[in-house]
Amino acid sequence: MKAISRRDVLWHGPVVMVDSNLDFLKQVFQALRETEKDGLLTDRRDEGLTGISGLKTVGALQRLVGLFAGDPRACYLEIGVFQGLTLVSAALQAPGLACFGIDNFATLDPDEKNKEITTERLQRFGAANATLIDSDFEAALAGLDARLDGRKIAVYFIDGPHDYRSQMVCLLLALGHLHDRCVIVIDDANYACVRQATADFLAGHPDFKMVFEAYSPAHPANMEGAELERWEEGWLNGVNVLVRDAEGLLPDMVPPTESDKTRHFNEWLVHRLRRAELAPEAVALADAICIGDMAAEEKARKALLEKYGIWRDVSDGRYRDRNTYSTGLTEGRFTNIPD
Ligand SMILES: C[S@@+](CC[C@H](N)C(=O)[O-])C[C@H]1O[C@@H](n2cnc3c(N)ncnc32)[C@H](O)[C@@H]1O
């Protein structure tokens, strides 16, 4: 067993002594089981603390940060703050724990109010231990050393952009900053590309194990009424929870992935086309054509041409296909070797 100093873990019940990794893993399981049963640990919805994470997702973060409340070396980090629901909830549950939230407010913010709402909430709820980092997640992760000031990420909530690469980069760039006993909560695991990134990360990092997964039958945007309410009280758009398990105490468990990789392969086919940036609009137009919906086709054609207007100057100068973006790259270069 690894020599780890005994420390108190303050958690909404009696003080629990944790002195082995197995004890710690049991605490994580207990936190997740309790979340499955009871959902939120502290409910501040009446005070206006709302957002777009499932109540169980928030409840899990509330309980997990509690496991590190007495550890001055630990911190909480989240990518994807939106209006501050998860950041404020985590920070209030462990007032002694430094909490960081990264968001560049690039999406889901049509009125450009989310930064202001988050800042107001951090202040109104008195989350003095929370810091909002207004930045692209990749730039912020690259410069994390200066922010963390020697702390390690004990609870890491990934809820930003959900394309495969972003998911993977969130995991890889954080690796060197993770606490010996970290818990990684990956939101929106309903998406196949999110599950694939989790599975690929686990395959390459056997010292991490998945301890819990949960999915709902569709994205909340495609549900309504009682069905939507049910999943809003749960893990909403799915979750994968990973822990560091350096001693290999837990069995392998991987999220389900698709055997057909056509969409992943299409990334390469689309990326090399000169109009690649128009892909979402082009596929929406294809959909309208396929189902013979003339009104939708007209609307989609307009949206495509609008986007073309934005990318015209850049994309007109490219080849029709097989763009490699390698012009001007070195014809051969060595790294430096020490004398
Ligand atoms: C689903 S929301 C987060 C929800 C939030 N955790 C909550 O509890 O309500 C996703 C957030 O990721 C942010 N985001 C998207 N792309 C980003 C990027 N490249 N860097 C940083 N944040 C990004 C968006 O601005 C958005 O606020």
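## Confidence of the model

The pLDDT is the predictor's confidence in each residue, on a scale from 0 to 100. The structure described here is a predicted model. Its protein averages a pLDDT of 94, and 94% of the residues score at least 70.

One stretch calls for separate mention. Over residues 1-16 the pLDDT stays under 50; for this stretch the model has 40 contacts beyond four places in sequence.

## The sheet as a whole

Seven strands form an open sheet. Their order is 5-4-3-6-7-9-8, and the pairing is mixed. Strand 5 (130-134) and strand 8 stand at the edges; each has a single partner strand, so one side of each is left without a neighbour in the sheet. From one strand to the next, the twist averages 15 degrees.

In general, the strands of a sheet pair through backbone hydrogen bonds, in either a parallel or an antiparallel manner. Both kinds of pairing appear in the part of the sheet described below, parallel between strands 6 and 7 and antiparallel between strands 7 and 9.

## Strands 6 and 7 and the helix between them

Strand 7 comprises residues 178-187 and is mostly covered, with nine of its ten residues buried. Strand 6 (residues 152-158) runs parallel to strand 7, and five bridges join the two. Within this pairing, Ile153 has Leu178 of strand 7 as its bridge partner. Between the two strands the chain passes through helix 7 (residues 164-174), and the resulting β-α-β crossover is right-handed.

Helix 7 lies across three strands, namely strand 3 (74-79), strand 6 and strand 7. With respect to strand 6, the helix runs at about 175 degrees.

## Strands 7, 9 and 8

Strand 7 is also joined to strand 9 (residues 239-244) by five bridges, and these two strands run antiparallel. Here the bridge partner of Ile186 is Asn240 in strand 9.

Strand 9 is joined in turn to strand 8 (residues 208-214). Six bridges connect strands 8 and 9, which run antiparallel. Among the partners are Phe212 with Val241 of strand 9, and Ala214 with Val239 of strand 9.

Is strand 8, which stands at an edge of the sheet, largely enclosed or left open by the rest of the structure? Six of its seven residues are buried, and strand 8 is therefore largely enclosed by the rest of the structure. The missing neighbour on one side of strand 8 concerns the sheet, whereas its enclosure concerns the rest of the structure.

Key
Residues are numbered from 1 along each chain as its sequence is written. This is a predicted model: local features need pLDDT of at least 70, side-chain atom pairs count only at pLDDT 80 or more; totals for chains, interfaces and linings use all residues. Side-chain values use heavy atoms; hydrogens and water are left out. Contact means heavy atoms within 4.5 Å. Buried means under 20% relative accessible area, exposed over 50%, partly exposed in between (1.4 Å probe, protein chains only). Helices (H or I, at least four residues) and strands (E, at least two) are DSSP runs, numbered from the N terminus. Two strands pair if DSSP finds at least two bridges between them. A crossover is right-handed if, with the strands pointing away from the viewer, the path from the first strand over the helix to the second runs clockwise. Axes are lines fitted to C-alpha atoms, for helices over the stretch in contact, and angles run from 0 to 180 degrees between N-to-C directions.
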